[in-house]
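User: Please take a close look at one part of this structure, namely its salt bridges and their surroundings. A connected account would be appreciated.

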Amino acid sequence: ALENPDRSPPERPPARCPVCDTPTVKQGVFTRCPNRDCPDRRWQLLKHFTGAMDIEGLGEKQVAALQAAGLVRTVADYYALTPERLREVPGIGPVMAENLVRAIAGSRERPFATVLYAIGIEGVGFVTGRSLAQQFRGMDALLDATPQQIAETPGVGPVVAGLIAQQLTDPQLRALVDALRPHVRLEAEGPPPGEGPLAGRTLVLTGTLPDLTREQATERILAAGGRVTGSVSGRTDYLVAGDGAGGAKLAKAERLGVEVLDEAGLLALLAE
């Protein structure tokens, strides 16, 4: 068939970042700027961190205002903010300034798995952050890991492991980790894999549970020595299904003979 002459050719991803001129890198279907110091990338990382660390009051508007005022360049700068400095930012009054500093201080207690997700490593989402935290138990062990060792983490394939390992060698990321050391948790708590009532068992969560959020359920499973991955496979022991559970995961669990539990079933397992 002849191509439509009126249709413009598909746009090609830019070879260089239009903001900082760094050569872009292609990862799967996405093309992105690898420079963590690019102003646009900095904005994305600052915003992602406040969401992942659940810092109340620091939404997109406030993050943009702090960045425009030159108060935050990397996420470590959040921990240097004082009420006095915040009051200089347009739109932030004395009460809001105090509340923001209190909310930022509260984020110091977030578990290592959350921090790992929050610092914005490509390929490390909510579930993968927890799996890596459980596998390596601390940031230094992860920084020293080879791609092959990272690929031994449940739910992490060799391609994603290579992507994660490549980013962990980035001097900008390592400098950020060092800047965060005095402020956030970079060691895992709770029993390592292999200890607790769910030792050696791998679970997948899908749908909405009646009482537990997905994060709470994940924390309870990890605290019991179990593992949580994002997809059902032959190594999955249980699929915990709530309302609106994904049909594909349920079907795969059935096909593979994986036991399906509801929230009550999960709580019974945790109580064993």
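Analyst: The following account concerns salt bridges and a neighbouring topic, the packing of two helices. The model is a predicted one.

The structure holds twelve salt bridges. Among them is the pair E122 and R32, whose side chains meet at 3.6 Å, N to O. Because E122 lies in the loop between α5 (112-118) and α6 while R32 belongs to strand β2 (residues 30-32), this pair ties together parts that are 90 residues apart in sequence. E122 also forms a salt bridge with R41, at 3.8 Å, N to O. This second pair likewise links distant parts of the chain, since R41 sits in helix α1 (residues 39-52), 81 residues from E122. R32, R41 and E122 are thus linked in a network of salt bridges.

The members of this network have the following accessibilities. E122 is partly exposed, with a relative accessible area of 28%. R32 is buried at 14%, and R41 is buried at 10%.

Another salt bridge joins the side chains of D178 and R181 at 2.9 Å, N to O. Here D178 is partly exposed at 46% relative accessible area, and R181 counts as partly exposed at 34%.

Helix α6 (residues 126-136) also packs with helix α11 (residues 214-223): their axes come within 12 Å and cross at roughly 15°. The two helices are therefore roughly parallel, and the crossing is right-handed. In this contact, F126, R130 and Q134 of α6 meet R214, E215, T218, E219 and L222 of α11. By class, the contact has two nonpolar, two polar and four charged residues.

Key:
Residues numbered from 1 in each chain as written. Predicted model: local features only at pLDDT ≥ 70, side-chain atom pairs only at ≥ 80, totals over all residues. Heavy atoms only, no water. Axes fitted to C-alpha atoms, helices over the stretch in contact; angles between N-to-C directions. Helix = DSSP H or I, 4+ residues; strand = E, 2+ residues; numbered from the N terminus. Parallel < 35°, antiparallel > 145°, perpendicular 65-115°, else oblique. Left-handed = near helix turned anticlockwise from the far one by under 90°. Contact = heavy atoms within 4.5 Å. Nonpolar A, V, L, I, M, F, W, Y, C, P; charged D, E, K, R; others polar. Salt bridge = Lys/Arg side-chain N within 4 Å of Asp/Glu carboxyl O. Buried < 20%, exposed > 50% of the residue type's maximum accessible area, 1.4 Å probe, protein only.
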